[in-house]
Amino acid sequence: MVRRLLVSSLLLLAAVRPAAAQKATTPQGAIAGFMQAVADSNLERLGQLWGTERGSALRTKSPEGYEQRLLVMLSFLRGQTYRIAGSQPGDSKSRRDFMVEFTRDNCRKLVQVRTAESRQDGWLVNSIDLAA
C-alpha cells in the first residue's frame with residue numbers, strides 16, 4: 001500500500017512538473033518550434049525561442065517590451081500555415097536567413113525570417129519581417 005502510494009505520488013509530481021525548455025538545435029527547428037508556440041498561443045515558449053546571440057528574450061529580458069512584441073507577432077501569425085521556401089547564410093556564422101511562405105486562406109506572403117544561434121539557448125528566431 002505504501003509502495004503504491006509512493007509510486008502514485010512520484011507519477012503525479014512528474015505530471016505537474018513543467019517540462020524543461022528544449023533548445024532548438026537547428027535554425028529550421030527554431031522556426032518550427034516558434035510556429036508551434038504560435039499555434040499553441042504559448043507566450044512563454046515564444047519568449048524561449050525568440051532572441052539574439054546573447055540569448056532568448058525570456059532569459060535576458062530584452063529587448064525592453066519584448067512581451068508586447070511577442071503578442072504582436074502572435075496576433076499576425078496565428079492561424080497561418082508556413083513553409084520554408086529557401087535559406088541563405090546570414091551576416092555571421094551564428095545567423096541564418098530564410099524566406100518563409102505564410103498562408104492564411106487564399107492569401108500567401110513571402111517573408112524573411114532571421115535566426116541566430118545562442119550558446120546558452122540554441123537556435124532562436126531573431127526577426128520576422130512582418131511589414132513585408
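**Close-up views of the predicted model**

**Figure 1. The loop between α2 and α3 holds Ser41.** The model shown in this and the following views is a predicted one. Ser41 is not a glycine, yet its phi is positive, near 55 degrees. Most residues other than glycine have a negative phi. The relative accessible area of Ser41 is 39%, so this residue is partly exposed, as the value falls between the limits of 20% and 50%.

**Figure 2. The protein chain combines five helices and six strands.** Along the sequence these elements come in the order α-α-α-β-β-α-α-β-β-β-β. The protein chain has 132 residues, of which 33% count as buried. Its accessible surface is about 8,700 Å², and carbon and sulfur atoms account for 54% of this area. Of the contacts between residues at least 6 apart in sequence, 46% link residues at least 24 apart.

**Figure 3. Helix α5 comprises residues 66-77.** The helix has twelve residues, which at 1.5 Å a residue should span 16 Å; the C-alpha atoms at its ends are 16 Å apart, so the expected and modelled spans agree. Which residues of α5 are buried? They are Tyr66, Leu70, Met73, Leu74 and Leu77. Because these residues cover an arc of only 100 degrees around the axis, they lie on the same side of α5. The partners against which the buried residues of α5 pack are three helices and two strands: α2 (27-39), α3 (43-49), α4 (57-60), β4 (95-104) and β6 (122-128). Gly79 follows α5 and has a positive phi, near 85 degrees.

**Figure 4. The peptide bond between Ser62 and Pro63 is cis.** Its omega is about 5 degrees. Pro63 is found in the loop between α4 and α5. Most peptide bonds are trans.

**Figure 5. The largest nonpolar core contains 24 residues.** Phe34, Trp50, Val125 and Ile128 have the most contacts inside this core. Two or more core residues come from each of α2, α3, α5, β4, β5 (107-118) and β6. Helix α2 gives the largest share, six residues. Nonpolar side chains in soluble globular proteins tend to be buried together. Around Phe34, neighbours within four places in sequence being left aside, the residues in contact are Leu46, Leu49, Trp50, Met73, Leu77, Val125 and Ile128. Two of these contact residues, Met73 and Leu77, are also among the buried residues of α5.

**Figure 6. Gln36 is a residue of helix α2.** Is Gln36 buried or partly exposed? With a relative accessible area of 44%, Gln36 is partly exposed. Its C-alpha atom is separated by 9.9 Å from that of Arg78, although the two residues are 42 residues apart along the chain.

**Figure 7. Strand β4 contains Asp97.** Asp97 counts as buried because its relative accessibility of 6% is under the limit of 20%. The side chain of Asp97 makes a polar contact of 2.7 Å with the side chain of Arg114. Residues up to four places away in sequence being set aside, Asp97 touches Gly86, Ser87, Gln88, Pro89 and Gly90, and also Gln112, Val113 and Arg114. Arg114 is thus listed among the residues that Asp97 touches and is its partner in the polar contact.

**Figure 8. Asp105 is placed in the loop between β4 and β5.** Its phi is positive, about 55 degrees, although Asp105 is not a glycine. At a relative accessibility of 73%, Asp105 counts as exposed, because the limit for this class is over 50%.

**Figure 9. Ser56 belongs to strand β2, which covers residues 55-56.** Its relative accessibility is 4%, so Ser56 counts as buried. What does Ser56 touch, not counting residues up to four places away in sequence? The list consists of Gly47, Gln48, Trp50, Gly51, Lys61, Asp121 and Leu124. Trp50, one of the residues touched by Ser56, is also one of the residues with the most contacts inside the largest nonpolar core.

How values were computed
Residues are numbered from 1 along each chain as its sequence is written. This is a predicted model: local features need pLDDT of at least 70, side-chain atom pairs count only at pLDDT 80 or more; totals for chains, interfaces and linings use all residues. Side-chain values use heavy atoms; hydrogens and water are left out. Helices (H or I, at least four residues) and strands (E, at least two) are DSSP runs, numbered from the N terminus. The expected span of a helix is 1.5 Å times one less than its number of residues. Buried means under 20% relative accessible area, exposed over 50%, partly exposed in between (1.4 Å probe, protein chains only). The arc is that of the directions from the helix axis to the C-beta atoms. Contact means heavy atoms within 4.5 Å. A nonpolar core is a set of buried Ala, Val, Leu, Ile, Met, Phe, Trp, Tyr and Cys residues joined through side-chain atoms within 4.5 Å. A polar contact is a pair of N or O atoms within 3.5 Å; within protein, one must be able to donate a hydrogen and the other to accept it, and residues adjacent in sequence count only if both atoms are side-chain atoms. Accessible areas come from the Shrake-Rupley method with a 1.4 Å probe; for residues, only the protein chains shown count as cover.
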